[in-house]
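Q: Please choose one part of this structure for a close look. Describe that part in detail, then work outward to what surrounds it and to the rest of the fold.

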Amino acid sequence: MTTAFVLSGGSNLGAAQIGMLAALRDGGVTPDLIVGTSVGAINGAMVAAGADPGEIAAVWRRLRRDTIFPTWSRCTLRAVVGRSNCLCHSSGIRRLLQEHLRFERLEQAPIPLHVVATDVLNGRDVVLCTGDSTEAILASIAIPGILPPVNIEGRDLIDGGVVNNTPISHAVDLGADVIWVVTTGYSCKLETLPRSALGMALHAASLAIHQRLAIDVQHYEPQVDLRVVPPLCPITIAPTDFSRSAELFDRAHAVTRDWLAAWTPQMRQERLLQPHDPPIPIVTVPGTWHRLQAVPNESLRQTQGQEQADAAGRMDET
């Protein structure tokens, strides 16, 4: 049996992801491989190197917005006058990665690590498992229009979350039998609009991304032993606020710990992708878990394309 961790993107909510990972580790759950997108690639790289979740949480507690999204830099001024395709430079994130990554190349990771990015020109997701680890992760977190694209082997790459924020499909393709989906969630039940343009852009993107996750879970759940860790809700933290990492870690750790205590292989979550705080509703599913033949990414694209064509045909008939 091959166990995979799939780690989604989610900007500052990556601190909650570490709380979930800490609870999984406390419960004896460890991965044979890791697939990560965006901030999930950062967290996944540190987990793949064997870092303790508490150690990773300490890194998160020291993070501030200007480290990740420096404002009014030279890059910002160039973007304002139309001479740059991004608002922020990535030097702060680069320094962070160089300080905390424990392997220079992806293939050196003690636990196999696969990082997902997006090819700007053809719009397809790209899985990186070899090459410079810093450059690969910078590509995976390059939010379009905000952080600069990264050129790797002649391809300009941006944030993997643009097309595959929670890359369950790649874990299936890699032969995983048991997949733990560790999301970051999204800022839900907000009482006011995000105040900054950057915050609004990140929040809107997270809403769209979460819908893709719901579709993927529905598609892959019959094929593999899929275990989706419940995301937090409500979260009223602005997408650019990195000052509440300790709070996110503690809440996510508690929710995941309680969920694991109630979970058994004969149970599945009710409303898998509906965010919860305790108690987590669980329902029993008759029968046993079955590992069916994996559907490759290309097959999924063809299936989705046919579904869209059928829907268009029905609309024409009406």
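A: By class, seven nonpolar residues, one polar residue and no charged residues make up the lining of the largest cavity. Here Ala, Val, Leu, Ile, Met, Phe, Trp, Tyr, Cys and Pro count as nonpolar, Asp, Glu, Lys and Arg as charged, and the others, Gly among them, as polar. A cavity is a set of points on a 1 Å grid over the protein atoms alone where a 1.4 Å probe fits but cannot get out, and lining residues have an atom within 4 Å of a point.

The model is a predicted one, in which local features need pLDDT of at least 70 and side-chain atom pairs count only at pLDDT 80 or more, while totals for chains, interfaces and linings use all residues. Residues are numbered from 1 along each chain as its sequence is written, and side-chain values use heavy atoms, with hydrogens and water left out.

The lining of the largest cavity is formed by Ile-42, Ala-45, Met-46, Val-59, Leu-96, Leu-97, His-100 and Leu-101. Two or more of these residues come from each of the elements α2 and α6. Helices (H or I, at least four residues) and strands (E, at least two) are DSSP runs, numbered from the N terminus. The volume of the largest cavity is about 50 Å³, and the whole structure holds three cavities of 30 Å³ or more. Each volume is the space filled by probe spheres set on the grid points, which are joined across faces, edges and corners.

Helix α6 deserves a closer look. In α6, residues 91-100, the buried residues are Gly-92, Ile-93, Leu-96 and Leu-97. They line one face of the helix, because their directions seen down the axis of α6 fall within an arc of 135°, taken from the helix axis to the C-beta atoms. Buried means under 20% relative accessible area and exposed over 50%, with partly exposed in between (1.4 Å probe, protein chains only). On the face turned away from the buried side, α6 carries the exposed residues Arg-95, Gln-98 and Glu-99. The cover over the buried residues of α6 includes α2 (39-48), α3 (53-62), α4 (65-68) and α7 (133-140).

Ser-38 belongs to the loop between β2 (33-37) and α2. It is not a glycine, yet Ser-38 has a positive phi of about 55°. With a relative accessible area of 8%, Ser-38 is buried.

Next come the strands. Val-116 lies in strand β3 and is buried, at a relative accessible area of 0%. Leaving aside residues up to four places away in sequence, Val-116 touches Val-35, Gly-36, Thr-37, Asp-125, Val-126, Val-127, Ser-140, Gly-160, Asn-164, Pro-167 and His-170, contact meaning heavy atoms within 4.5 Å. Val-116 and Ala-139 are 23 residues apart along the chain, and 8.5 Å separates their C-alpha atoms.

Strand β3 (residues 113-119) pairs antiparallel with β6 (residues 155-159) over three bridges, where pairing requires that DSSP finds at least two bridges between two strands. One of the bridge partners is Leu-157 in β6, set against Asp-119. Strand β5 (residues 150-152) also runs antiparallel to β6, again with three bridges, and Asn-151 stands opposite Asp-156 of β6. Two residues lie between β5 and β6 in this hairpin, and Glu-153 in its turn has a positive phi of about 55°. Unlike a glycine in type, Glu-153 shows this positive phi all the same; at 74% relative accessibility it counts as exposed.

Strand β7 (residues 178-182) has five of its five residues buried, so it is largely enclosed by the rest of the structure. In a regular strand the side chains alternate between the two faces of the sheet. In β7, Val-178, Trp-180 and Val-182 point one way and Ile-179 and Val-181 the other. Strand β1 (residues 3-7) runs parallel to β7 and is joined to it by five bridges, with Phe-5 partnered by Trp-180. Four bridges link β7 to β8, also in parallel; Ile-179 has Leu-226 as its partner in β8.

After β8 (225-228), the loop leading to α11 (245-262) contains Thr-240, which counts as buried at 9% relative accessibility. Thr-240 lies 171 residues from Phe-69 in sequence, with 8.0 Å between their C-alpha atoms.

For the protein as a whole, there are twelve helices and ten strands, and 52% of the 318 residues are buried. Of the contacts between residues at least 6 apart in sequence, 75% join residues at least 24 apart.

Methods. 1 Å grid on protein atoms, 1.4 Å probe; cavity = no way out; pocket = protein on both sides within 12 Å on 5 of 7 lines; lining within 4 Å.
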